[in-house]
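Please consider the following model alongside its sequence. The explanation moves from aromatic contacts to strands and helices.

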Amino acid sequence: MYKIAICEDSRIQAVELIDSLKAYGSECRIKFEIDYFECGEDFLEKDYFEYDVIFLDVEMPRINGIEVAKEIRKTCPKSKIIFVTAYEHYWPEGYKVMASRFLIKPLKQDELTEALTSLIEELNTAKKYISARSERALEKVLIEDITYLEISGRKVLIHTPEAIYTSSYNLNSWYHRLAIHHFEYTHSSYLVNLKYVKLVARDKVTLTTGEEVYMSLRKYKGFKTSFVRYISQL
């Protein structure tokens, strides 16, 4: 799930943007949690660091979108800000506050789609997330929250303490992506996050969550070596 804030003094235009975001989310099976603010003052009173993407109308009464962005940048240098404006002459000011995108009113769905797709990819990389499926919706999963992965039929199950997700990518593909995050094979069907390992035995690995993962004799020595090396680096 991605958290999105919209700061727009026109309720009609805000509703149109919300509908467009919902359409994108439905098509791509991505969950959005969207909060709407009618003015910059209301938004700045919120814990705005929690938002993944912030849509700012440039022209608002009292404090405009550029000034709101300057306040955001004081504490949130990496927030993804999208300016929504009818005037291109604001672009130089927007780049000074590291705006990710400018969208011209009236908004076009294809431009919004391109911007969101690109920013979601950036968010997943920067925050070390992966995309996985849960209850037919695509969600972002923090890599450090993954306890282990296992093959189940033609799918790979991705386990976290809170939920189980599915992926159509094979386990070897996940290994090449997650090895730098200290994931190791215990068996050709299991990939374990060393962060959660509590006990290593010849036939199983016990995790801090209480779960047990099968250990093959072929993988035991290499896994144990990797685990000892991981512990020594803490």
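The paragraphs below treat selected elements of this predicted model in turn.

A pair of aromatic rings is described by the distance of the centres and the angle of the planes. Under the pairing rule applied here, the model contains 8 aromatic pairs. For F43 and Y51, the ring centres are 6.1 Å apart and the planes meet at 35 degrees, so this pair is tilted. An angle under 30 degrees would have counted as stacked, and one over 60 as edge-to-face. Both F43 and Y51 are buried. The ring of Y51 has a further partner in K3, whose charged end sits over that ring at 5.4 Å from its centre. Elsewhere, Y2, Y24 and F32 are linked by ring pairs into a cluster.

A lysine in a strand comes next. K80 belongs to strand 4, which spans residues 80–85. Is K80 buried or exposed? Its relative accessibility is 14%, and K80 therefore counts as buried, the cut-off for that class being under 20%. Setting aside neighbours within four places in sequence, K80 is in contact with D52, V53, I54, S100, L119, E122 and L123. In the case of D52, a separation of 28 residues in sequence corresponds to a C-alpha to C-alpha distance of 6.4 Å from K80.

Further along the chain, strand 9 and strand 10 run antiparallel and are joined by 4 bridges. The hairpin between strand 9 and strand 10 passes through 4 residues. Within this pairing, V156 stands opposite S167 of strand 10. S167 also lies on the covered face of strand 10, together with Y165, whereas I164 and T166 form the uncovered face.

Strand 10 also takes part in the surroundings of helix 6. Which residues of helix 6 are buried? In this helix, residues 171–178, they are L171, W174 and L178. Viewed down the axis of helix 6, these buried residues fall within an arc of 60 degrees, so they line one face of the helix. They pack against strand 10 (164–167) and also against strand 6 (129–134), strand 8 (148–152), strand 9 (155–159), strand 11 (183–187) and strand 12 (190–193). At the start of helix 6, N170 contributes a polar contact: one of its side-chain oxygens comes to within 3.2 Å of the backbone nitrogen of N172.

The next elements are three successive strands. Strand 13 (residues 197–200) pairs with strand 14 (residues 204–207) in the antiparallel sense over 3 bridges, and a hairpin of 3 residues connects strand 13 to strand 14. Here L199 has T206 of strand 14 as its bridge partner. Strand 14 also pairs with strand 15 (residues 212–214), again antiparallel and over 3 bridges. In this second pairing, V205 is matched with V213 of strand 15. The hairpin of strand 14 and strand 15 has 4 residues between the strands, and G210 in this hairpin takes a positive phi near 95 degrees.

The final stop is helix 7, residues 217–233, which contains S226. With a relative accessibility of 12%, S226 counts as buried. When residues up to four places away in sequence are not counted, S226 touches E184 and L194. One of these, E184, lies within the range 183–187 of strand 11, a strand against which the buried residues of helix 6 pack.

Key
Residues numbered from 1 in each chain as written. Predicted model: local features only at pLDDT ≥ 70, side-chain atom pairs only at ≥ 80, totals over all residues. Heavy atoms only, no water. Pairing = 2+ DSSP bridges. Helix = DSSP H or I, 4+ residues; strand = E, 2+ residues; numbered from the N terminus. Buried < 20%, exposed > 50% of the residue type's maximum accessible area, 1.4 Å probe, protein only. Arc of directions from axis to C-beta. Contact = heavy atoms within 4.5 Å. Polar contact = N/O pair within 3.5 Å; in protein donor to acceptor, adjacent residues only side chain to side chain. Phe/Tyr/Trp six-rings, centres within 6.5 Å; stacked < 30°, edge-to-face > 60°. Lys NZ or Arg CZ within 6 Å of the ring centre and 35° of its normal.
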